[in-house]
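Please look at the structure shown below together with this report. The sections that follow take up the DNA contacts, the aromatic rings and the cysteines in turn.

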Number of protein chains: 2
Amino acid sequence: MHLFWEHGYEATSLAMLREAMGLTPPQIYNAFTDKETLFRKALTRYHETEIGFALEALSAPVSTREAVRRLLLGAAEAYSRPGKPGGCLFVSGALAASPQAQAIADELKAYRKASEAAIAERLAKGRAVGDLPEGLSVEGLAKYIAGVMNGMSIQARDGASVEELRILAQTALAALPAEGQNQDASSKD
Amino acid sequence: MHLFWEHGYEATSLAMLREAMGLTPPQIYNAFTDKETLFRKALTRYHETEIGFALEALSAPVSTREAVRRLLLGAAEAYSRPGKPGGCLFVSGALAASPQAQAIADELKAYRKASEAAIAERLAKGRAVGDLPEGLSVEGLAKYIAGVMNGMSIQARDGASVEELRILAQTALAALPAEGQNQDASSKD
DNA sequence: AATCTTCCATAGTGATCGATACGAAACCTG
DNA sequence: CAGGTTTCGTATCGATCACTATGGAAGATT
């Protein structure tokens with residue numbers, strides 16, 4: 001997973017995987033069928049172990065702004081963990097790919113789209129309870145938040161520290177509608 | 001350039017370049033020495049022909065906020081031009097690379113760092129003339145703006161339309177300090 | 001006009017890719 | 001302890017990578 005995270009799908013050779021896992025090629029193929037299946041296994045593992053902050057942030061019983069704050073600050077921390085590759089595997093895994101690997105690139109794109117959709121869903125919920133203005137486009141704001149996270153992923157890959165990413169996240173938060181304008185109204189019914 | 005832009009440095013094979021350029025391999029090597037030099041030529045060409053909006057935005061005689069607005073909206077348009085690959089070559093070219101291509105990845109990283117530095121320089125100038133609060137960290141804000149542009153590049157690659165990118169840019173602008181607070185003071189001396 | 005030089009496309013180079021066939025070692029059974 | 005089976009590591013597969021040597025055609029010179 002770390003190798004795919006660091007070098008991406010195509011640039012990670014079986015020789016690197018073999019050395020890192022201490023397995024012989026037949027062992028790898030017996031265990032994971034082929035390189036593509038192994039990468040997908042790494043994807044699900046990454047999803048389960050490295051980015052739990054996102055689900056936690058989006059499902060926590062807090063205000064919408066606080067949820068987004070946790071999401072962005074969680075990303076700042078997750079994208080710059082010591083000993084781990086910088087950024088997000090969903091971004092670094094295969095942003096550009098050869099025609100042969102387009103299926104992998106499409107799968108990562110689907111992951112990114114799903115993340116954005118999860119954000120949009122949380123925003124819609126927030127708008128429903130009065131956390132956000134009614135006229136606001138949750139899709140547009142979700143695309144902004146997802147975009148900021150993707151941008152943080154690249155900044156992290158370029159060596160940004162966790163503090164710098166936190167500042168970036170805090171700055172991005174300022175673009176959100178002010179909190180609490182309709183928040184009292186959420187307790188009216 | 002389009003092939004590198006679309007598929008990245010390593011995933012673009014000489015066979016693809018040969019077919020696209022209508023040249024034989026020796027012609028390619030006579031003209032460009034090797035693949036790495038050809039990619040660098042494509043980088044400079046990209047810099048000259050595709051992202052002039054950035055230099056224009058940062059050097060225009062307008063307020064700092066307007067400069068950033070032009071920068072982000074220019075990116076929205078440049079990253080989603082019809083007939084061109086989505087996103088920015090500096091991001092897509094080699095976000096993740098094999099150990100053999102790390103020199104290329106480092107070069108692209110340097111381009112991204114230079115872009116961020118150019119933004120920071122413009123912000124510092126703006127702060128000097130009172131466009132931005134004195135206590136503000138231009139490096140932090142520049143990292144945010146550069147990060148948003150990088151995020152837009154990924155959103156564009158994921159198929160975001162120019163309108164969606166414009167909305168993202170407008171949203172990102174809301175994170176900037178309000179304009180005009182010290183602007184009148186800029187005409188005092 | 002004949003020869004010589006120069007250029008250039010085809011064919012192929014070693015290296016490496018992902019993936020696998022074969023020989024050997026180990027294990028279970030009798 | 002012997003025989004049959006299964007498992008597993010090595011050596012290698014065809015394909016493709018970036019890159020280049022060689023045969024043949026075109027043009028220049030006498």
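## Contacts with DNA strand D

Which residue has a polar side-chain atom 2.9 Å from a phosphate oxygen of DNA strand D? In this predicted model, that residue is B:Tyr29. Two further contacts with phosphate oxygens of DNA strand D can be listed beside it: a polar side-chain atom of A:Gln27 lies at 3.0 Å, and a backbone N or O atom of B:Thr12 lies at 3.3 Å. The elements that contribute two or more residues to the surface near this strand are α3 (25-32) of chain A and α3 (25-32) of chain B.

The surroundings of DNA strand D draw on both chains, with A:Thr24, A:Pro25, A:Pro26 and A:Gln27 from one chain, and B:Thr12, B:Ser13, B:Leu14, B:Pro25, B:Pro26, B:Tyr29, B:Asp34 and B:Lys35 from the other. Of the atoms of DNA strand D that come within 4 Å of the protein, 68% belong to sugar and phosphate. By residue class, the surface near DNA strand D comprises 6 nonpolar, 4 polar and 2 charged residues.

## Contacts with DNA strand C

Around DNA strand C one finds A:Thr12, A:Ser13, A:Leu14, A:Pro25, A:Pro26, A:Tyr29, A:Asp34 and A:Lys35, together with B:Thr24, B:Pro25, B:Pro26 and B:Gln27. Sugar and phosphate make up 67% of the atoms of DNA strand C that come within 4 Å of the protein. The residues of the surface near DNA strand C fall into 6 nonpolar, 4 polar and 2 charged, and α3 of chain A and α3 of chain B each provide at least two of the residues there.

Individual contacts with phosphate oxygens of DNA strand C involve both backbone and side-chain atoms. A backbone N or O atom of A:Leu14 lies 2.8 Å from such an oxygen, while a polar backbone atom of A:Thr12 is 3.3 Å from a phosphate oxygen of this strand. From chain B, a polar side-chain atom of B:Gln27 lies 3.2 Å from a phosphate oxygen of DNA strand C.

## Aromatic rings

Over all chains, the whole structure holds 12 aromatic pairs. In one of them, the ring centres of B:Tyr9 and B:Phe39 are 4.9 Å apart and the ring planes meet at 55°, so the pair is tilted. Because B:Tyr9 lies in the loop between α1 (2-7) and α2 (14-21) of chain B and B:Phe39 lies in helix α4 (residues 35-49) of chain B, the pair ties together parts that are 30 residues apart in sequence. Both partners are buried, B:Tyr9 with a relative accessible area of 9% and B:Phe39 with one of 0%.

B:Tyr9 also has a charged neighbour, as B:Lys35 lies over the face of its ring at 4.7 Å from the ring centre. In chain A, A:Lys35 lies over the face of A:Tyr9, at 4.8 Å from the ring centre. Elsewhere among the aromatic residues, ring pairs join A:Trp5, A:Tyr46, A:Phe90 and A:Tyr111 into a cluster.

## Cysteines

Over all chains the count of disulfides is 0. A:Cys88 takes part in no disulfide, and the cysteine sulfur nearest to it, that of B:Cys88, is 19 Å away; because a disulfide calls for two cysteine sulfur atoms within 2.5 Å, this pair does not qualify.

A:Cys88 counts as buried at 5% relative accessibility. B:Cys88 is likewise in no disulfide, and B:Cys88 is buried, with a relative accessible area of 5%.

Key
Residues are numbered from 1 along each chain as its sequence is written. Chains are lettered from A and ligands numbered from 1 in the order in which they are written. This is a predicted model: local features need pLDDT of at least 70, side-chain atom pairs count only at pLDDT 80 or more; totals for chains, interfaces and linings use all residues. Side-chain values use heavy atoms; hydrogens and water are left out. A residue is near a molecule or strand if one of its heavy atoms lies within 4 Å of it. A polar contact is a pair of N or O atoms within 3.5 Å; within protein, one must be able to donate a hydrogen and the other to accept it, and residues adjacent in sequence count only if both atoms are side-chain atoms. Helices (H or I, at least four residues) and strands (E, at least two) are DSSP runs, numbered from the N terminus. Ala, Val, Leu, Ile, Met, Phe, Trp, Tyr, Cys and Pro count as nonpolar, Asp, Glu, Lys and Arg as charged, and the others, Gly among them, as polar. Rings of Phe, Tyr and Trp (its six-membered ring) pair if their centres lie within 6.5 Å; planes under 30 degrees apart count as stacked, over 60 as edge-to-face and the rest as tilted. Buried means under 20% relative accessible area, exposed over 50%, partly exposed in between (1.4 Å probe, protein chains only). A charge sits over a ring if NZ of Lys or CZ of Arg is within 6 Å of the ring centre and within 35 degrees of the ring normal.
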